[in-house]
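I opened a fresh notebook page for this one and kept my entries short. Here is what I looked up, in the order I looked.

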Amino acid sequence: MSRRHEGDRMARNGLPGQGEDGSGPTLEKLLSVMGAGALEVCVAPAGRESVVEGVTVLDPLDPGPSPGHLVLAVGIDPHSAAAVDVVRDVAASGTVAVVFGPGRTGRPGRTPDALRIAAEETGIALLFRTAWFDWSRLVGALRAGLVLSGAPADPSLAAVPPGDLNGLADTVSSLVGGAVTIEDVESRVLAYSSTGEDVDELRRLTILGRRVPEWRIAAMREAGFFRTLWSTGEVIHRPAHGENPERLVVAVRAGGEALGSIWVAATGTPFAPHASDALRSAARVAAVHLVHHRSYPSHARLVEDAARALLDGRGSATVLAERAELPVRGHCAVMAVRPGTPDRGDGTGQLRGLLAVHCGARGHRAVVLPVDGGALVLLGALHENGQRAVDQVSRLGESLIRQVTAAFGPGAGIGLGPVVEGLAELPGSHRSAEEALRALMTPGEERGVAFASAVAERVALNRITDALTGLDLPPETPVARLVAFDAGPGGGTMVRTLRAYLDHFGHVPATARALGVHANSLRHRIVRLTEVSGLDLHDPEARLLAHLQLRLLDGDGDGGGAVTRRRT
């Protein structure tokens with residue numbers, strides 16, 4: 001068998017042969033640094049304390065791997081007989097673990113009994129690459145992970161759990177003294193420290209857009225800043241310029257590979273003494289977190305999938321609680337948000353960032369889910385007192401409507417779901433929030449945020465029209481005759497006239513003003529309308545039927561699908 005020894009190449013790039021304690025990076029340490037989004041452990045019969053010396057990519061034309069290596073079985077279907085042969089073949093070389101891909105289905109699924117038995121008999125750990133982490137990314141992450149396993153850290157930095165980039169940003173902020181953002185190599189924001197309302201405009205734009213503005217990136221690229229940043233391990237000082245405060249910047253790297261950068265902006269007071277030394281130390285520790293965070297996109301998808309499944313009534317509250325770090329029990333609620341003009345700015349992405357930032361700034365634990373034209377906000381860990389929890393939701397809704405209106409323009413709406421006991425009850429809160437939002441979108445409705453109880457009449461009417469949608473009605477009702485007349489030659493205003501007349505309770509002057517016609521002209525229309533349709537406007541049941549059919553024609557009985565903002 002022929003194999004490329006990836007671990008040997010790693011050693012030439014600075015891979016330590018052993019850790020500080022002389023035992024070297026263990027499988028447990030490596031998995032901790034990598035995070036849950038890259039590898040899934042099926043079985044580890046010899047435990048996770050085996051020392052990992054390097055990584056080998058399987059190639060059937062080379063001799064066996066070096067002892068202590070982790071073997072990547074690229075191209076081997078874990079459900080095939082060849083997979084069992086690989087496990088037994090590499091066992092003789094002292095291999096620590098074998099990593100298989102997710103197989104033809106794209107997901108690991110149930111591990112074949114023969115493969116599991118082979119791993120248990122040989123003592124080799126059996127791992128699976130997740131579907132969203134391809135082989136090339138996995139090799140790079142393992143390379144950096146082996147470099148970083150067991151790296152020493154400042155005690156305060158070491159207390160931050162791996163992958164908690166927001167926690168790391170807050171810790172760096174307290175050590176260095178300033179507002180921190182942690183970015184990837186594409187200048188996308190991965191995390192930022194908690195800050196007050198008074199932040200510089202560039203930081204505000206960067207956080208809201210989840211990326212440094214394009215014009216800023218272009219300017220730094222033209223000035224050669226990025227070439228300097230990625231070629232040095234030193235802290236770069238950028239002096240204050242205009243309204244932009246001074247900043248400290250350092251690259252985060254591992255094993256020669258650039259992973260991202262840490263930026264610290266002054267916040268009106270001088271940086272802490274020895275700020276550059278503290279930032280260099282933070283960059284070394286941040287490398288562990290950034291490698292761990294490479295699984296973040298998949299983790300975000302897992303949280304989103306779990307939240308959507310729960311709201312759809314097919315998911316598990318326990319799964320969502322574990323993935324989103326929310327308590328299973330306790331007060332929680334859902335908000336349904338629509339901006340007035342979804343096409344402004346960065347659309348749904350900007351809305352999602354704004355909601356997440358604002359909820360976090362107000363101390364709420366929230367999951368923000370993008371939906372067509374808007375977003376859902378799942379609020380967990382609300383106050384244990386029921387009324388105070390309701391007040392929290394109300395205040396947050398009022399605050400968010402101001403933020404969304406300022407960012408997207410007038411016409412925004414936020415439906416508030418009732419506070420419920422535990423994540424398992426969130427589907428009901430979600431349905432109510434959507435109903436409240438739909439009611440707020442009604443033409444003429446001036447409120448921008450409300451619970452369904454505050455717009456109960458509109459909610460009830462929407463439910464009625466929903467129930468009637470698709471109902472097979474007789475084709476010769478008065479409204480049906482008017483629709484047919486308007487579609488023919490000489491028609492076109494009968495349905496509109498009847499709708500306005502009923503909406504204004506038969507008051508001729510008000511109806512005439514709404515239609516922009518003279519009152520006498522309206523009277524002539526009404527006479528003609530009754531002749532064409534046969535509608536008896538003095539019959540309350542006939543008026544009720546006509547009004548309901550007109551509501552259905554308006555599209556208010558569309559079953560509650562995508563809502564667009566109609567009021568001005």
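**Entry 1: strand pairing.** I began with β8 (residues 236-238), which pairs with β9 in the antiparallel sense over three bridges. The model is predicted, so I am reading these pairings as the predictor placed them. One of the pairs I noted is Ile236 with its bridge partner in β9, Val249.

I then turned to β10 and found eight bridges joining it to β9, again in an antiparallel run. Here Val249 stands opposite Trp263 of β10. That puts Val249 in both of my notes: it is the partner of Ile236, and it faces Trp263 as well.

**Entry 2: how enclosed is β9?** Is β9 (residues 247-254) largely enclosed or largely open? I looked up burial, and seven of its eight residues are buried, so the strand is largely enclosed by the rest of the structure.

**Entry 3: cavities.** Next I wanted to know where empty space is left, and rolling a probe the size of a water molecule over the atoms shows that. How many cavities of 30 Å³ or more does a search of the whole structure find? My search gave two.

The largest holds about 140 Å³ of space. It is lined by 13 residues, and the closest to its centre are Thr181, Glu183, Thr206, Arg247 and Trp263. I was pleased to meet Trp263 again, the residue opposite Val249. Which elements each supply at least two residues of this lining? I listed β6 (179-184), α8 (201-209), α9 (214-222) and β10 (257-265). By class, I counted seven nonpolar, two polar and four charged residues in the lining.

The second largest cavity has about 30 Å³ of space. Its lining is made up of Leu27, Ala44, Ala46, Gly47, Ser50, Val96, Gly123, Ile124 and Ala125. Six of these residues are nonpolar and three are polar, with no charged residue in the lining.

**Entry 4: confidence.** Before closing the page I checked pLDDT. The chain has a mean of 80, and 80% of its residues reach 70 or more. Which elements mark the two ends of the range? Helix α1 (residues 6-12) has the lowest mean pLDDT, 33, and strand β16 (residues 449-451) the highest, 97.

I also flagged two stretches where pLDDT stays under 50. Over residues 1-23 the model has 63 contacts beyond four places in sequence. For residues 556-568 I noted 46 such contacts.

Methods
Residues are numbered from 1 along each chain as its sequence is written. This is a predicted model: local features need pLDDT of at least 70, side-chain atom pairs count only at pLDDT 80 or more; totals for chains, interfaces and linings use all residues. Side-chain values use heavy atoms; hydrogens and water are left out. pLDDT is the predictor's confidence in each residue, from 0 to 100. Helices (H or I, at least four residues) and strands (E, at least two) are DSSP runs, numbered from the N terminus. Contact means heavy atoms within 4.5 Å. On a 1 Å grid over the protein atoms alone, a cavity is a set of points where a 1.4 Å probe fits but cannot get out, and a pocket is an open set with protein on both sides within 12 Å along at least five of seven lines; lining residues have an atom within 4 Å of a point. Grid points are joined across faces, edges and corners, and a volume is the space filled by probe spheres set on the points. Ala, Val, Leu, Ile, Met, Phe, Trp, Tyr, Cys and Pro count as nonpolar, Asp, Glu, Lys and Arg as charged, and the others, Gly among them, as polar. Buried means under 20% relative accessible area, exposed over 50%, partly exposed in between (1.4 Å probe, protein chains only). Two strands pair if DSSP finds at least two bridges between them.
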